[in-house]
Structures are given as C-alpha cells and as structure tokens.
Amino acid sequence: MLKGYQSWSFEHKPVIVSTATVVGPDEGAGPLANDFDIVHGDLMLNQESWEKAEKKLLEEASKIAIENAGITKEQIQFYIGGDLLNQIISNSFAARTLSIPYIGIFGACSTSMEGLALAALIVNSQSANYALAGTCSHNCTVEKQFRYPTEYGSQKPPTAQYTATAAGVAVLARKGEGPVVTGATIGRVVDMGIKDPFNMGAAMAPAAVDTITAHFRDFKREPGYYDLIVTGDLAKVGYEIACDLFKKHNIPMQQTKYDDCGLMLYDLNKQQVQAGGSGCGCSAAVTYGHIMKRIKKGELKRVLVVATGALLSPLSFQQGESIPCIAHAVAIESGV
C-alpha cells in the first residue's frame with residue numbers, strides 16, 4: 001500500500017528466501033571475502049570479453065540463488081534486473097539464459113534496491129509466488145564505458161571510485177523462511193549541478209539524503225528504528241558529505257549505525273580503490289552477502305539499504321550535462 005508521498009508498505013511482508021553473490025579478485029581480497037558464494041581469481045572468468053564475464057557473474061549468482069531457494073527457475077514468475085552497460089545487455093542476455101519473464105530496469109548503481117523494491121511489490125500484491133531481483137557490474141566494462149579505455153591506464157583523482165566486479169541476486173516469495181521486506185521508498189531525481197564523472201560520491205550524496213529523509217517522513221520513523229542504515233556506494237567523499245547534510249537537516253543519525261557499501265567492500269588502506277567502491281554490484285554484493293548473513297545470525301534485526309545511482313551516460317557527459325542522481329531505499333527486517 002502507498003505510505004506517505006513516495007513509499008510503499010508491504011503488509012504481506014515478502015520473504016527473501018535466498019540470496020547469492022559472485023565477485024571478482026579485488027572484492028575477494030577485501031574484508032567481506034568470506035560472505036560471498038563465489039570469488040573468482042581473475043577478471044575474465046574464462047570468457048572471451050569483459051562484457052561476457054559480467055554476464056557470467058550474474059548467471060552464476062542467479063543459479064546459486066535459485067538452488068538455495070530449493071525451487072526451479074520454472075517456478076519463478078518474473079525476473080527484475082538491470083546494470084550499467086548500454087541497453088542493460090548483461091541482464092538482457094542473462095535473462096535469455098534464464099528464460100524467465102523479464103522486466104529490465106535502469107537505476108544505475110541504485111538498481112539493486114530498485115529491483116528488490118519492485119520484486120517485493122509484485123510479490124506483495126500476489127501477482128507472483130516467486131520473483132527474482134538481480135544486478136551486476138564489472139570493473140573493466142564500466143570503467144571503459146564511463147571514463148577512459150581501461151587499457152589506457154590513466155591516473156585517477158582520489159575522489160574517483162572503483163567499480164565493483166560483482167553480482168548479487170535475491171529470490172522473493174510469498175511464503176517461506178528468511179528476512180522480510182517491509183517497505184520501500186522510491187527516490188526523486190536530484191541534480192546539484194556536478195559534472196565531474198570522477199566525483200560520483202559528491203553527486204549522489206544529496207539524492208541519498210533526500211530519499212532517507214523521505215523514508216523517515218513517510219513512515220514516521222527516526223534513524224534509531226534501524227540497527228543499521230547503509231547507503232549504496234557514496235564511498236569516502238560522498239559518505240562525508242552525506243554526514244554533513246544529515247547534520248544540516250537535523251536528522252539524528254547518531255541514533256543508529258550508518259555505513260556505506262562502497263566503504264565496506266574494500267580495505268581503503270590496503271587496496272588501490274581510490275575513494276571506495278561503486279557500481280551496481282557494490283550494494284548488491286554487500287547487501288545480499290554480508291548484511292543478509294548478519295540478519296540471519298541475529299546480529300541485525302532491522303536494516304535500511306539505500307542504493308544510490310548516477311544517471312549519466314557517455315553521451316550526456318560529452319554534451320556537458322550535469323549528473324542527475326537517484327536513491328532507492330528498502331527496509332529489510334528479520335523474519336523471526
């Protein structure tokens with residue numbers, strides 16, 4: 001049901017019956033390595049191109065998630081997913097392999113929670129017994145498309161972020177055991193006039209704060225309701241800006257633990273990832289791997305995941321456009 005101005009409350013509480021994450025070597029060298037289902041030792045994954053490697057990440061994660069749910073892919077009514085490549089080809093081609101009715105979406109790096117919110121809406125409305133939500137990214141495909149050719153080896157400023165090589169998938173069901181999705185807030189597009197594609201954190205932070213503020217307003221909650229609030233991939237620069245904006249708007253984030261997937265995925269002191277992680281796979285891997293395991297262990301009961309995305313394209317950047325951004329929030333709670 002509609003909650004407030006831009007949120008949904010899921011009265012039937014769709015169950016996340018399983019998740020799966022598949023990552024690359026850099027993510028496997030980070031602090032969350034033990035929380036992923038598969039860690040690949042190279043970026044090619046024995047494929048002919050980086051783009052095919054990205055597709056394979058998603059196909060592997062989907063296969064594991066379906067197996068973990070104890071069902072067959074024929075029992076899943078809809079697959080909702082997207083990625084960062086032109087025409088979301090990683091998901092479209094993976095959907096060809098899955099042969100599940102497919103809803104393609106684009107929210108840039110916010111796609112993980114956009115997809116989870118839509119899957120929950122479909123299941124909550126009893127329009128499906130099972131729905132699959134997934135996304136992926138690959139460092140070499142995304143860096144090549146949005147910045148400089150990977151082979152060029154250009155230096156990057158410290159504000160730049162490191163695109164995660166990762167895929168994350170969740171299976172939602174009307175019934176079952178596991179964490180439940182209780183609500184979602186769909187973000188507005190926010191554009192503060194930033195044009196630097198090497199400073200995504202600064203561009204996305206205002207959108208994250210806007211959506212989190214809207215979530216608290218619509219559900220009439222304060223930050224302390226949640227044990228953990230995580231943004232998608234603001235990384236070091238955007239995280240600090242978001243903290244400043246929370247203070248400016250008198251949002252008492254000190255009531256809870258606030259973190260960022262772009263900071264959690266890597267060890268910034270030991271790994272050369274500039275300001276931290278980004279990409280669709282960043283929030284997907286952290287949420288569907290690390291956070292889900294903590295919820296199942298009872299370490300967390302209520303979590304708000306706010307995935308953020310920069311809605312630019314190579315064409316819009318070349319034409320001198322600023323970077324519009326968006327953030328989508330999903331509330332996940334222990335099913336116990």
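1. Two strands are said to pair if DSSP finds at least two bridges between them. With that in mind, one can begin with strands β5 and β7 of this predicted model, which run parallel and are joined by five bridges. Within this pairing, glycine 81 stands opposite glycine 134, a residue of β7.

2. Strand β5, which covers residues 78-82, also has a second partner to consider, for β5 and β6 pair over three bridges in the parallel sense. Here isoleucine 80 is placed opposite isoleucine 103 of β6. The strand is mostly covered, since four of its five residues are buried. Taken together with helix α3, residues 89-98, the strands β5 and β6 make up a β-α-β unit that is right-handed.

3. What does the side chain of threonine 135 meet at the backbone of glycine 82? A polar atom of that threonine side chain lies 2.6 Å from the backbone oxygen of glycine 82. Threonine 135 itself belongs to strand β7, residues 130-137, and it counts as buried because its relative accessibility is 0%, where the cut-off for a buried residue is under 20%. If neighbours within four places in sequence are left aside, threonine 135 has contacts that include Leu58, Asp83, Asn91, Thr111, Ser112 and Cys280.

4. A second threonine deserves a careful look, namely threonine 21, which is found in strand β3, residues 15-23. Is threonine 21 buried or exposed? Its relative accessibility is 0%, and therefore threonine 21 counts as buried. Beyond its neighbours within four places in sequence, threonine 21 is in contact with Asp35, Phe36, Asp37 and Ile38, and also with Ala167, Gly168, Ala284, Ala285, Tyr288 and Gly289. The contacts of threonine 135 likewise include Ala167, Gly168 and Ala284, so a student may wish to look at both threonines in one view of the structure.

5. Helix α4 can be described both by its length and by its surroundings. The helix has 14 residues and reaches 19 Å from its first C-alpha to its last, which is close to the 20 Å expected at 1.5 Å a residue. How many of the residues of α4 are buried? The number is 12 of the 14, so the helix is largely enclosed by the rest of the structure. Among these buried residues are Thr111 and Ser112, as well as Met113, Glu114, Leu116 and Asn124.

6. Three residues call for a check of their backbone angles. Alanine 108, in the loop between β6 (102-104) and α4 (111-124), has a phi near 55°, which is a positive value in a residue other than glycine, and alanine 108 is buried, with a relative accessible area of 0%. Just after α4, glutamine 126 takes a positive phi of about 65°. Glutamine 274 also has a positive phi, of about 50°, although it is not a glycine; its place is in the loop between α8 (261-264) and β13 (277-278), and with a relative accessible area of 30% it is partly exposed.

7. The largest nonpolar core of the model has 45 residues, and those with the most contacts inside it are Leu116, Leu172, Val181, Ile291, Val330 and Ile332. Helix α9, residues 280-296, gives the most to this core, with eight residues. Apart from this core lies another, of 28 residues, which includes Met200, Leu234, Leu245 and Leu312. Which residues does leucine 116 touch, not counting those up to four places away in sequence? They are Ala133, Ala170, Leu172, Val181, Tyr288, Val330 and Ile332.

8. The last point concerns strand β14, residues 302-310, which is mostly covered, as eight of its nine residues are buried. Strand β11, residues 228-231, runs parallel to β14 and is joined to it by four bridges, and in this pairing isoleucine 229 has leucine 304 of β14 as its bridge partner. Strand β15, residues 325-333, runs antiparallel to β14 and is joined to it by nine bridges. In that second pairing, the bridge partner of alanine 307 is histidine 328, in β15.

Definitions and conventions:
Residues numbered from 1 in each chain as written. Predicted model: local features only at pLDDT ≥ 70, side-chain atom pairs only at ≥ 80, totals over all residues. Heavy atoms only, no water. Helix = DSSP H or I, 4+ residues; strand = E, 2+ residues; numbered from the N terminus. Buried < 20%, exposed > 50% of the residue type's maximum accessible area, 1.4 Å probe, protein only. Polar contact = N/O pair within 3.5 Å; in protein donor to acceptor, adjacent residues only side chain to side chain. Contact = heavy atoms within 4.5 Å. Core = buried A, V, L, I, M, F, W, Y, C linked by side-chain atoms within 4.5 Å. Right-handed = clockwise from strand over helix to strand, strands pointing away. Expected span 1.5 Å × (residues − 1).
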